[in-house]
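Please consider the model shown below. The paragraphs that follow lead from the packing of two helices to a ligand site and then to a pocket.

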Amino acid sequence: MGSVRRIEREKKTVDAMIRLYCDKRHNDSAGLCDDCRELMDYALARLDRCVFGESKPTCGKCPIHCYKKDRREQIIEVMRFAGPRMLWTNPFLAIGHLVDGRRKIPPLPAKGKPGEPGQRQPE
Ligand code: SF4
């Protein structure tokens, strides 16, 4: 699977998880609440700038974890809630994520230019 497909699939997974979490926890009929919208934007931007590119581990097993502390706490809460439920609501994404989580964690990438593997991005 190429980098675009992998990153795009992860984006769909994160999108589905945050929507599921917000729907059940915040019950905002207008869609995502402001907090979850901000978290979504943040998480998708992190994926766009992931230093690992196509060989990225799941964020939960990442040795870098590029999230800011408060965002990391938010996404962990979302994952804990939505992860098990995704098997019912989005089984293909959930299984893909489980498979990705079993992959060997890649070595830290060599240094590169901004936006390329190896270049840590500002938060
Ligand atoms: S650096 Fe790690 S935490 Fe950040 S997007 Fe890539 S895999 Fe996820």
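In this predicted model, helices α3 and α4 are oblique to each other, because an angle of about 130° between them falls neither under 35 degrees, nor over 145, nor within 65 to 115. Helix α3 covers residues 69-89 and helix α4 covers residues 91-102, and their axes lie 6 Å apart. On the α3 side, the contact is made by M86, L87, W88 and T89. These residues meet P91, L93, A94, I95 and L98 of α4. Sorted by class, this contact of α3 with α4 comprises 8 nonpolar residues and 1 polar residue, with no charged residues.

The ligand offers a second point of interest. Around the ligand stand R46, C50, K56, P57, C59, C62, H65 and C66. Four cysteines, C50, C59, C62 and C66, are thus named in this shell. By class, the shell around the ligand has 5 nonpolar, 1 polar and 2 charged residues.

The pocket comes last. The largest pocket has a volume of about 470 Å³. Its lining consists of 21 residues, and those nearest the centre of the pocket are M17, T58, G60, M79 and H97. Which elements give two or more residues to this lining? They are α1, which spans 3-25, together with α3 and α4. Helix α3 gives the most, with 8 residues. Helix α3 therefore takes part both in the oblique packing against α4 and in the lining of the largest pocket. By class, the lining of the largest pocket has 11 nonpolar, 6 polar and 4 charged residues.

Notes. Residues are numbered from 1 along each chain as its sequence is written. This is a predicted model: local features need pLDDT of at least 70, side-chain atom pairs count only at pLDDT 80 or more; totals for chains, interfaces and linings use all residues. Side-chain values use heavy atoms; hydrogens and water are left out. Axes are lines fitted to C-alpha atoms, for helices over the stretch in contact, and angles run from 0 to 180 degrees between N-to-C directions. Helices (H or I, at least four residues) and strands (E, at least two) are DSSP runs, numbered from the N terminus. Contact means heavy atoms within 4.5 Å. Ala, Val, Leu, Ile, Met, Phe, Trp, Tyr, Cys and Pro count as nonpolar, Asp, Glu, Lys and Arg as charged, and the others, Gly among them, as polar. A residue is near a molecule or strand if one of its heavy atoms lies within 4 Å of it. On a 1 Å grid over the protein atoms alone, a cavity is a set of points where a 1.4 Å probe fits but cannot get out, and a pocket is an open set with protein on both sides within 12 Å along at least five of seven lines; lining residues have an atom within 4 Å of a point. Grid points are joined across faces, edges and corners, and a volume is the space filled by probe spheres set on the points.
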